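Student: I've got a model open and I'm trying to make sense of its strands. Could we go through it together?

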Amino acid sequence: METQEKFLSFNLGASDTAVISLQHITEVLQVSLPEICGVPQMPSSVLGIYNWRGEMLWLVDLDAMLGYPPISQGTNLLSKMMAIVLQNKGKYLGLLVRQLIDIEWLDTNQMKPATAEIFYPKISPFLQGYFINDSEDMIFNLDATTIIQAPIWSIHN
């Protein structure tokens, strides 16, 4: 049975790698901080709203949301950042990431369950599991659906 799936891999924090299944990704775009319209009284991981295809797209600092140092900190105002646009049941959410790495095929049968012992609490709810790559590094498999449906956004949808 074919269990290979395409994933987009990107950096999390300074040294971690994460993937999201391509089936949940609508688009990847470059964004600079001045193009993001800040929204008051939101969690610090929520950077604000971005005009995307004439619609309002919420942009989230994925690192900050998962307990890493915020990407937006120490970023040159004019430097471009990559945003991954997730889609689930007509809802869209933009995740700002440090750097995209590649599109890769991973065998979902090789995925190991994410246990609380390995991952700290902030990231655990958003993990489907993890892979170990050829160089013995752990690759976090993030659950796009859980991220979009996180209670933190429901106040605005």
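Student: In what order do the strands β8, β1, β2, β9 and β10 sit in their open sheet?

Tutor: Keep in mind that this is a predicted model. The order is β8-β1-β2-β10-β9, and the pairing is mixed.

Student: What makes β8 and β9 edge strands?

Tutor: β8 (100–107) and β9 (127–132) have a single partner strand each, so one side of each has no neighbour in the sheet. As for the twist, neighbouring strands here are turned by 35 degrees against each other on average, direction ignored.

Student: How do you know that β2 and β10 count as a pair?

Tutor: Two strands pair if there are at least two bridges between them. Strand β2 (residues 16–21) and strand β10 (residues 138–142) have three bridges, in the parallel sense, so they pass that cut-off. You can look for valine 19, which stands opposite asparagine 141 in β10.

Student: Which order does the sheet with β3 and β4 have?

Tutor: That's an open sheet of five strands too, with the order β3-β6-β7-β5-β4 and mixed pairing. β3 (25–32) and β4 (46–52) are at its edges; each has a single partner strand, so one side of each lacks a neighbour in the sheet. From one strand to the next, the twist averages 30 degrees.

Student: And why are β3 and β6 called a pair?

Tutor: Use the cut-off again: at least two bridges. β3 and strand β6 (residues 80–88) share seven bridges in the antiparallel sense, so they pair. On the model, serine 32 stands opposite lysine 80 in β6.

Conventions
Residues numbered from 1 in each chain as written. Predicted model: local features only at pLDDT ≥ 70, side-chain atom pairs only at ≥ 80, totals over all residues. Heavy atoms only, no water. Helix = DSSP H or I, 4+ residues; strand = E, 2+ residues; numbered from the N terminus. Axes fitted to C-alpha atoms, helices over the stretch in contact; angles between N-to-C directions.
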